[in-house]
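Here are my notes on the structure you passed along. I've kept them as numbered points so you can pick at them one by one.

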Amino acid sequence: METTTHSHLRSKYAIVGVGETAYVRGSGRTHRAMAHEAVGKAIADAGLDRGDIDGMLSYQLADSTQSPLVAADQGLRLNFYMDVMGGGSSTEALIGLAIGAIEAGMCKAVVIFRAMNGYSGVRIGGTGVVAASPVLDEFLHTRPYGHRSAGQMFAPSFMRHMYEYGTTPEQVAAVKVAHSEHASNNPKALYKQRVTVDDVLGSRMICKPLHLLDCCTESDNATAIVVTSTARARDCRQHPVLIEGVVGRCSKPRTDNHFQHGPITLTAGHYGREILWRNAGVLPDEIDITGSYDAFTFTTLMQLEDYGFCRKGEGGHYVSDGTIRLGGRRPNNTSGGHLCEGYTHGISMVIENVRQLRHDVDDSCPIGPNGRRMHTHDYREGGCRQVRNPQLTANLGWHSPGTGSAMVLRRA
C-alpha cells in the first residue's frame with residue numbers, strides 16, 4: 001500500500017489533538033481500556049465535541065483492539081474506519097489515509113490510535129504470550145538463519161554500513177546518549193537516566209554489533225492523534241499543526257527479504273524522500289526538528305542519511321557531532337524516542353513534534369498565568385526540552401530497511 005499527499009493538499013489538513021497513556025512496563029490493563037484513555041485525551045486536547053469525530057484508524061500486529069469497539073466506548077458513530085496490520089511505518093501512512101478519507105467526503109475528522117502491551121503482552125522479539133507460533137510463508141526464508149527478532153534481521157545492514165563507510169560503534173552510541181539527555185527532561189519517559197558512550201558500549205551484547213543500550217525499550221501504552229481539515233482546525237482548542245506532505249509505506253523493490261535487492265545499507269527512505277520533499281515544498285536543511293524511528297541507534301542514522309539530512313556514509317559524523325542534541329542544529333527525538341521514552345510503533349514521535357510546533361512540550365518548566373509552560377530553553381538535566389521557535393519538523397517512520405514512511409509538519 002502506498003499513501004502519498006500531493007502538493008495541492010499542502011497545509012490543507014492539520015493535526016489538532018494528541019493524547020497518550022503513561023509509558024509503563026506492566027500496565028495491568030487491556031488494549032481497549034488504554035485506547036479509550038488515549039483517544040479520549042486526544043479528542044479533549046483538540047477541544048472537539050465527540051459528535052465532530054466520525055472517522056477512526058488504527059494499526060496493530062494482532063495485538064490490539066478494533067476501532068468500532070473503541071468508538072463505541074467513546075460514544076462515537078463512525079462513517080469511516082479501518083484497522084490495518086502494520087508496524088513502525090504505519091503512523092504517517094494512516095495520516096495520509098485520513099487525509100484521503102476526509103478529502104473524499106467520507107468523514108470530517110479522524111482519530112488514529114495505537115494501543116499495545118508491548119512488554120507484558122505480545123513482545124516484538126517473538127517472546128511473551130504468543131511465543132509459540134508456526135513458521136510459515138516468507139519466514140521460511142529467514143527463521144532458519146536465526147532472523148527471528150528485529151535486531152537479528154536489521155543488524156546486517158548496520159554491519160555493512162560499518163564495513164563500507166567506517167562507521168564506528170562509538171558514533172552510533174551517540175544517538176542513545178542524545179536521546180537519553182532529552183528523556184531526562186521528559187517527566188513521562190520510561191528511562192530518564194542520562195548515559196555515556198562508554199555506558200552503551202559497556203552494556204551486554206544482544207546481536208552483533210548491537211548492545212543492550214543500542215536497542216529500544218519495551219513498554220505498555222496507547223497513543224492517539226486527531227486529524228481534520230485546516231478550515232475546521234481554526235475552531236479547535238490548540239494551535240493547529242499543518243500537514244505539509246506525507247509518504248506512507250514506501251518500499252524497496254523487495255520487502256520479504258530486502259537483502260536480495262542491494263545495497264543493503266540503503267533504506268526505503270532513499271525512495272520516499274523524492275516524494276516527501278517535493279510534496280512538502282521544503283528541503284532537509286529547512287527542517288528544525290527530526291523524529292526518526294529509533295528501534296535501534298543505527299536505524300536513526302540510516303534514515304537521516306537516506307532522507308538527505310547528510311550524505312550517505314556521513315551519518316556517523318552527523319549523529320555524533322552535536323547536531324541531533326537539544327541546543328544543536330537539528331535535534332532528533334526530543335522526547336527520548338523509543339530508546340528512552342517508550343516504544344509506541346512510531347506514533348509518539350509524531351505527538352512530540354506536534355507539541356514542539358505548538359511550543360507546548362510537556363516538560364518540567366513552570367506553567368504561566370495563561371496555562372502554558374514558560375520554557376527556559378535550559379537543557380540541563382531535569383530542565384527544558386522545548387526547542388526555540390521551531391517552524392518545521394520531519395517524522396521518519398520505519399518498519400524495516402525495506403519499508404518506511406515520513407511526514408513534514410509546519411507550525412500554522
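The points below go through the strands, a pocket, two loop residues and the cysteines.

1. A word on provenance before anything else. This is a predicted model, and everything below should be read as a description of that model.

2. Let's start with strand β11, residues 392-400. Eight of its nine residues are buried, so the strand is largely enclosed by the rest of the structure. On one side of the pairing list is strand β10 (residues 289-292), which pairs with β11 in the parallel sense over four bridges. If you want a residue to look at there, T290 stands opposite A394 in β11.

3. The other partner to look at is strand β12, residues 403-411, which pairs with β11 in the antiparallel sense over eight bridges. How are β11 and β12 joined? A hairpin does it, through two residues. Two pairs are handy for checking the register: T393 stands opposite L409 in β12, and G397 has S405 as its bridge partner in β12.

4. β12 deserves its own point. Seven of its nine residues are buried, so β12 is largely enclosed by the rest of the structure too. Besides the hairpin with β11, β12 runs antiparallel to strand β9 (residues 241-251), with eight bridges joining the two. V246 and M407 in β12 are bridge partners.

5. β9 then takes you to β2 (13-20). Those two strands, β2 and β9, pair in the antiparallel sense over three bridges, and Y13 stands opposite I243 in β9. β2 also runs antiparallel to strand β8 (residues 220-229), this time with seven bridges; E20 has T223 in β8 as its bridge partner. How many of the residues of β2 are buried? Eight of eight, so to speak of β2 as mostly covered is fair. Following the pairings, you can walk from β10 to β11, from β11 to β12, from β12 to β9, from β9 to β2 and from β2 to β8.

6. Now the second largest pocket, with about 340 Å³ of space in it. It is lined by 16 residues, and those closest to its centre are D45, R355, R358, D360 and D362. By class, the lining has two nonpolar, three polar and eleven charged residues. If you plan to compute anything in there, that charge count is the one to keep in mind.

7. Which elements supply the lining of that pocket? β2 and α1 (31-46) each give at least two residues. The largest share, three residues, comes from β2. This is the β2 that has eight of its eight residues buried.

8. Q386 is worth a click. It sits in the loop between α12 (347-357) and β11. Is Q386 buried or exposed? Its relative accessibility is 2%, and under 20% counts as buried, so Q386 is buried. Not counting residues up to four places away in sequence, Q386 touches R355, Q356, H359, D360, V361, D363, H375, H377 and Y379. Two of those names, R355 and D360, also turn up among the residues closest to the centre of the second largest pocket.

9. G86 is another loop residue, between β4 (80-85) and α3 (90-103). It is buried as well, with a relative accessible area of 7%. Leaving aside neighbours within four places in sequence, G86 is in contact with Y59, Q60, L61 and R249. For a sense of scale, the C-alpha atoms of G86 and V319 are separated by 28 Å, and the two residues are 233 apart along the chain.

10. Last, the cysteines. A search of the whole structure finds zero disulfides. C340 is in no disulfide, and its nearest cysteine sulfur, that of C216, is 10 Å away. C340 is also buried, with a relative accessible area of 1%. Why does C365 not count as bonded? The nearest cysteine sulfur, that of C384, is 3.7 Å away, and a disulfide needs the pair within 2.5 Å, so C365 is in no disulfide. At 5% relative accessibility, C365 counts as buried.

Conventions. Residues numbered from 1 in each chain as written. Predicted model: local features only at pLDDT ≥ 70, side-chain atom pairs only at ≥ 80, totals over all residues. Heavy atoms only, no water. Buried < 20%, exposed > 50% of the residue type's maximum accessible area, 1.4 Å probe, protein only. Pairing = 2+ DSSP bridges. 1 Å grid on protein atoms, 1.4 Å probe; cavity = no way out; pocket = protein on both sides within 12 Å on 5 of 7 lines; lining within 4 Å. Points joined across faces, edges and corners; volume = space filled by probe spheres on them. Nonpolar A, V, L, I, M, F, W, Y, C, P; charged D, E, K, R; others polar. Contact = heavy atoms within 4.5 Å.
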